[in-house]
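Trainee: Please take one part of this model and examine it closely, beginning with the cysteines and their surroundings. I should then like to see how the rest of the chain is arranged around that account.

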Amino acid sequence: MSAAEGTVRRSVVRISAPGGGYDPSGDRFWGSGFFVAPGWVLTCAHVVGNGGGGVLSGDTAIDVTDWRERTRPGRVALVLPLPADPADPPRRWELPDLALVEVAGADDAECLWLSDRSAVVPARISLHGWSRETGEPGLRFGVGTATGSDGSDGGAMLLRGEIPVAGCSGGPVVDVARGAVIGVSKGRGQGTAGLAVPVTALRRMANDRPGRERLHALVRAHDLHHLSRYRAVGTRGSWTGVQHALRPPGAGAFTPVLRTHLFARLAELTPPATPGEVMTLVDAVKRRVIQDPYQPGTEHDPRTWREGVGLLYDLRDTEGQGPGRDLELEAVLLYAARVAAAVSLAGRPEDEKPLKELSGWLTGREEPLQAVIREEIDQILHGGEDGPGEPSGPLAPEPRPGTVELRKTVHRKIVPDVPAVRARADVLVEIDPLLYGDSYPWRVKLLREDDLVTLRGDDRGVPRARLRETLLEPIAEAVRQGDVGEHLAAVEVVLPRELFDEPLDSWQLAQPCTAEDGTPLLDPDTLPLGERRVVVLRDRRRRDVPAIPEWRRRWGGAQRGPLTAVPLRREAPLRGHDGPGRESGRSAYGRLSDAEDTAVPVYCGPVSGGPGATAMEAALAAGHAVVIWRRCATGHTDCAEFHHRASRLVGEARTAAGLHRRIRSLRIRSGDPDDPDPDALWARSIALLFDSPDHPPLPEAPLHAPGVRPDPLS
């Protein structure tokens, strides 16, 4: 790493208390950091946390001193995670333990290259930072290996080797084989062990609206800086040159120079709103280039277009490919063309110029590409031209400047996939029956068209009172990976019947946010789940055995329609919950079994206990796959109105799929905290069972506590 050591040293800074940068003794020295973009230093939260609440809020400036002993004022712009009481920072900072510091007057700073890869370990590494171990502060250097977490979940990386001493916290961890920063030093362990935070943990910045904008501004400044630096000094003294020198023989045609140019052009585009937008394009390119049946395998959480490129490395190592093809180059350029197409589809004026530059750069490449790939890139960007022997079609209108034209006037042999017209995946939340005492095991999965991927889970489970706090972040992660543009992932919750009345549709994945002037912002991510996207419930118990014929028959009837409503409890529409003559479970089963296959049971109260639960048991035994009820409506007298309005709702929907938009609209109208719609108040806390017997396939045998097996007739 000797060729890069000087470049790294010029990027690493020491962080001190106000006035500490000019103190030769270093008594007020806190730790290290490094420039990642002009004017921006990345460090650990616990380093700047030494300054207390004033520093963490950005009100108090700190000293940032570079390798030339120039000290500038810096202000903390972001802390992950921000402690509950900034005035009393914790002794042990929770992961990801990162902070961004804005440094005034540092626009000329030399910056390190942040890795674009999702899997960053194992790797041979060098570590850099400042330390007072020998008295006055000085730069320290160490080498070793990084193992452990691959960074996909923001967990800490384990470091082994010559770990630098105290004071190097906040310094960079550099992958010496690729010439890229993969982590931030967090602290020492025992012996030669250390911990670091992977740079992929920066993605957590994008989990809220202000952080999302800041992350993309940072990445844009980072990538534009490296292109500017390469243009100024070439391969000598730039990270592009360092990476070029580190490349092994036969590494392929996607060179560091190409990557630097491409990343700068991608950084100028409107960034992706969700990881699902990136992964949809990555998946499509892998299926196209690999050509064998493609299984996505491990899920990733990319937040920028450049990370999609990082997911397309090393394709040339895939088995079954013909010799002589540079799969990595083909995949990257196809991906870049698809990014241009996806961004162009939104039609934002600010994207016109960068799209035109990216399009011209892609079509002007002289690297060796198969003719079919070069033609496909041209088709994605411009619609292509008539091929030899193909009949000519009418001339296409000139595309608007800065856009790519996806409409084809002539059908070609190669027709690229059109942008996604649905979510990349829906989200499946599985909650198992009680297993260990009062704990419910759970899993959060991505429900794709052709596979099911588990993202998070806990087989030991959590108590009912902790389900919400436990599941919010895994669900938020899953919907980010499922959403593509305006197409939002649905949330399907498979749960035991005693949890049917949990207010899942009212959960909020993000806390409400405000503008700088304190004005509340209507950020869609902060809306209750059921007001933003489809939220349906499914029955956990009947998934443990093969689907009964009645269930399959009624599911098919609900899909065909037209739907009609039938009372879940016979007496409810006439006498309410507490009237005389309650229907028994056996009677309800007989009546609901005789109902048409297109009938939807409706009930004006909760179903997880009491008479409502008895009636729900009967409906499920009779095979009903779609049920509507109100999960928390007791002590009321409007059952007749609820059943009348729900019956009309079902009739207007006509099919089961038609219910989604109408129920979401009712949740929005009745849930407005400032001005609820009087005509929608009847639907407050409305819930929907929407339970397919076939998709996804039945799970494997469920877990049971040792020595305990459920009674199949219970």
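**Cysteines, and the fold around them**

Mentor: Cys-44 has a relative accessibility of 0% and therefore counts as buried. The model is a predicted one, and everything that follows should be read in that light. Cys-632 gives the opposite result: its relative accessibility is 52%, so this residue counts as exposed, the cut-off for exposed being over 50%.

The part that merits the close look is the disulfide. The count comes to 1 disulfide, and the residues joined are Cys-604 and Cys-639, with an S to S distance of 2.0 Å. That distance satisfies the rule, because a pair of cysteine sulfur atoms must lie within 2.5 Å. The two cysteines are 35 residues apart, and the pair links distant parts of the chain. Cys-604 sits in the loop between strand S21 (599–603) and helix H17 (610–621), whereas Cys-639 belongs to helix H18 (residues 639–653). The handedness follows from the torsion about the S-S bond, which is about 80 degrees; the disulfide is therefore right-handed. Both ends of the bridge are shielded: Cys-604 is buried at a relative accessible area of 0%, and Cys-639, at 3% relative accessibility, also counts as buried. The cut-off needed here is under 20% relative accessible area.

Helix H18 leads on to a backbone feature. In the loop between H18 and helix H19 (659–671) lies Arg-654, which has a positive phi of about 70 degrees although it is not a glycine. Arg-654 is partly exposed, because its relative accessible area is 49%. Beyond H19 there is a second case. Ser-685, found in the loop between H19 and strand S23 (686–690), likewise is not a glycine, and its phi is positive at about 65 degrees. Ser-685 has a relative accessible area of 13% and so counts as buried. These values are worth noting because most residues other than glycine have a negative phi, and most peptide bonds are trans.

The peptide bonds supply exceptions of their own. The bond from Leu-80 to Pro-81 is cis, with omega near -10 degrees, and Pro-81 is located in the loop between strand S5 (71–80) and strand S6 (98–103). A cis peptide bond also joins Gly-561 and Pro-562, where omega is about -5 degrees. Pro-562 lies in the loop between helix H14 (549–560) and strand S20 (564–567).

Next comes the sheet structure. A barrel is closed by 6 strands in the order S7-S8-S9-S12-S11-S10, and the pairing is antiparallel. From one strand to the next the twist averages 40 degrees. Within this barrel, strand S7 (residues 123–131) and S8 pair in the antiparallel sense over 9 bridges, while 5 bridges join strand S8 (residues 138–148) to strand S9 (residues 157–161), again antiparallel. Gly-144 of S8 appears in both pairings: Gly-144 is the bridge partner of Ile-125, and the bridge partner of Gly-144 in S9 is Gly-161. Another bridge reaching S9 sets Thr-147 opposite Leu-158.

Helix packing may be read in a similar way. Two packed helices are described by the angle between their axes and the distance between the axes. For helix H9 (residues 327–346) and helix H11 (residues 371–382), the axes come within 9 Å and cross at roughly 10 degrees. H9 and H11 are therefore roughly parallel to each other, since angles under 35 degrees count as such. On the H9 side the contact is made by Glu-330, Leu-333, Leu-334, Ala-337, Arg-338, Ala-340 and Ala-341, which meet Ile-373, Glu-376, Ile-377, Ile-380 and Leu-381 in H11. By class, this contact has 9 nonpolar, no polar and 3 charged residues.

Finally, the whole chain places these details in context. The protein has 19 helices and 23 strands, and 55% of its 714 residues count as buried. Among contacts between residues at least 6 apart in sequence, 70% join residues at least 24 apart. The linkage of Cys-604 to Cys-639, 35 residues apart, may be considered alongside that figure.

Notes
Residues are numbered from 1 along each chain as its sequence is written. This is a predicted model: local features need pLDDT of at least 70, side-chain atom pairs count only at pLDDT 80 or more; totals for chains, interfaces and linings use all residues. Side-chain values use heavy atoms; hydrogens and water are left out. Helices (H or I, at least four residues) and strands (E, at least two) are DSSP runs, numbered from the N terminus. Buried means under 20% relative accessible area, exposed over 50%, partly exposed in between (1.4 Å probe, protein chains only). Axes are lines fitted to C-alpha atoms, for helices over the stretch in contact, and angles run from 0 to 180 degrees between N-to-C directions. Angles under 35 degrees count as roughly parallel, over 145 as roughly antiparallel, 65 to 115 as roughly perpendicular and the rest as oblique. Contact means heavy atoms within 4.5 Å. Ala, Val, Leu, Ile, Met, Phe, Trp, Tyr, Cys and Pro count as nonpolar, Asp, Glu, Lys and Arg as charged, and the others, Gly among them, as polar. Two strands pair if DSSP finds at least two bridges between them.
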